[in-house]
Amino acid sequence: MKNWTKIGLVLIGLVSTVSLKTFAAADTQNLDQVKAKLQAALGMQISSIGDAPVTGLLQVMTEKGLFYTSQDGKYLLQARIYDIEEGMRNVTEEALGSVRLGGLAEFKDAVIEYKADKEKYVVNIFTDITCGYCRKLHNEMEQYNDLGITVRYLAFPRGGINSSTYTDMVSIWCSDNKQEAMDNAKAGGTVASKDCKTKVAEQYAFGQKIGVNGTPNIIMPDGSVIPGYQPPKQLEEALKAIL
């Protein structure tokens with residue numbers, strides 16, 4: 001009798017294992033089908049797809065931002081999800097924050113940095129050399145640095161990669177002295193034409209992916225975003241609040 005019991009338990013274990021593997025395979029197959037369906041319908045690449053915080057929805061990360069879709073890919077949502085039971089925690093923003101920080105790590109050697117002598121904080125800022133508030137922020141760089149704020153610039157030419165601003169920003173990133181070239185451009189000077197391999201296009205694409213649609217766009221150390229210009233003291237207070 002004991003032997004039959006053991007055999008029964010083994011069979012149950014095998015059936016359970018096979019069932020789980022079959023379910024996982026079917027689930028993966030469904031995700032692949034939904035991914036293909038959405039890519040065909042939207043005309044954009046999907047970098048990841050998986051369960052959303054809300055039952056019945058999938059979370060979709062695309063080259064144009066984060067979306068949610070029904071399990072069959074029939075319905076598409078662009079929204080913010082908040083957890084009411086956890087003090088209106090912005091679950092969507094947390095997901096985007098992780099993507100932002102992961103992407104920034106890939107560009108750590110491709111930014112133009114204005115380092116504070118007594119560094120306390122580091123912010124990454126998507127910038128455009130023709131943007132008025134970007135120039136205002138840049139003109140106050142010494143004040144940011146004096147407060148211990150290091151600024152790292154990423155390129156976001158608002159006119160896109162076929163614009164003259166994009167060409168100028170490539171030239172800046174190709175300059176022997178990138179800071180000097182950036183200072184000159186932000187002051188309205190003529191940008192000396194240069195060409196080399198840069199990550200300006202990749203930075204622009206990354207900005208689009210994480211929802212940047214204007215400049216300056218400030219990425220905080222925790223992955224959160226402040227869209228638009230912030231005076232030095234105000235930015236310092238915002239940094240103190242999260243660190």
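In which sense do strand S1 and strand S2 pair, and over how many bridges? In this predicted model, strand S1, which covers residues 46-51, runs antiparallel to strand S2, which covers residues 57-62, and the pairing extends over five bridges. To find one place where the two strands meet, the reader can begin at Ser48, whose bridge partner in S2 is Met61. Together S1 and S2 make a hairpin in which five residues stand between the two strands, and within that turn Gly56 has a positive phi of about 95°.

From the hairpin we can turn to contacts between charged side chains, for the structure holds twelve salt bridges. One of them joins the side chains of Arg152 and Glu113, with a distance of 2.7 Å from N to O. Because Arg152 belongs to strand S9 (residues 149-155) while Glu113 belongs to strand S7 (residues 112-114), this pair ties together parts that are 39 residues apart in sequence. Arg152 is partly exposed, at a relative accessible area of 25%, and Glu113 is also partly exposed, with a value of 28%.

Another salt bridge is formed where the side chains of Asp128 and Arg158 meet at 3.1 Å, again given from N to O. Here the partners lie in loops: Asp128 is found between strand S8 (121-127) and helix H3 (132-139), and Arg158 between S9 and helix H5 (164-174), so the contact ties together parts that are 30 residues apart in sequence. How do the two partners stand with respect to burial, buried or partly exposed? Asp128 is buried, with a relative accessible area of 1%, whereas Arg158, with a relative accessible area of 43%, is partly exposed. The label for Asp128 follows because its 1% falls under the 20% that marks a buried residue.

A further salt bridge connects the side chains of Glu140 and Lys136, which meet at 3.5 Å from N to O. In this pair Glu140 is buried, having a relative accessible area of 13%, while Lys136, at 36% relative accessibility, counts as partly exposed. Elsewhere, salt bridges are linked through partners that they share, and in this way Asp83, Glu86, Arg89 and Glu94 are joined into one network.

A reader following these features in the model may therefore start from the antiparallel pairing of S1 and S2, then locate the salt bridge of Arg152 with Glu113 and that of Asp128 with Arg158, and finish at the network that includes Arg89.

Conventions. Residues numbered from 1 in each chain as written. Predicted model: local features only at pLDDT ≥ 70, side-chain atom pairs only at ≥ 80, totals over all residues. Heavy atoms only, no water. Helix = DSSP H or I, 4+ residues; strand = E, 2+ residues; numbered from the N terminus. Salt bridge = Lys/Arg side-chain N within 4 Å of Asp/Glu carboxyl O. Buried < 20%, exposed > 50% of the residue type's maximum accessible area, 1.4 Å probe, protein only.
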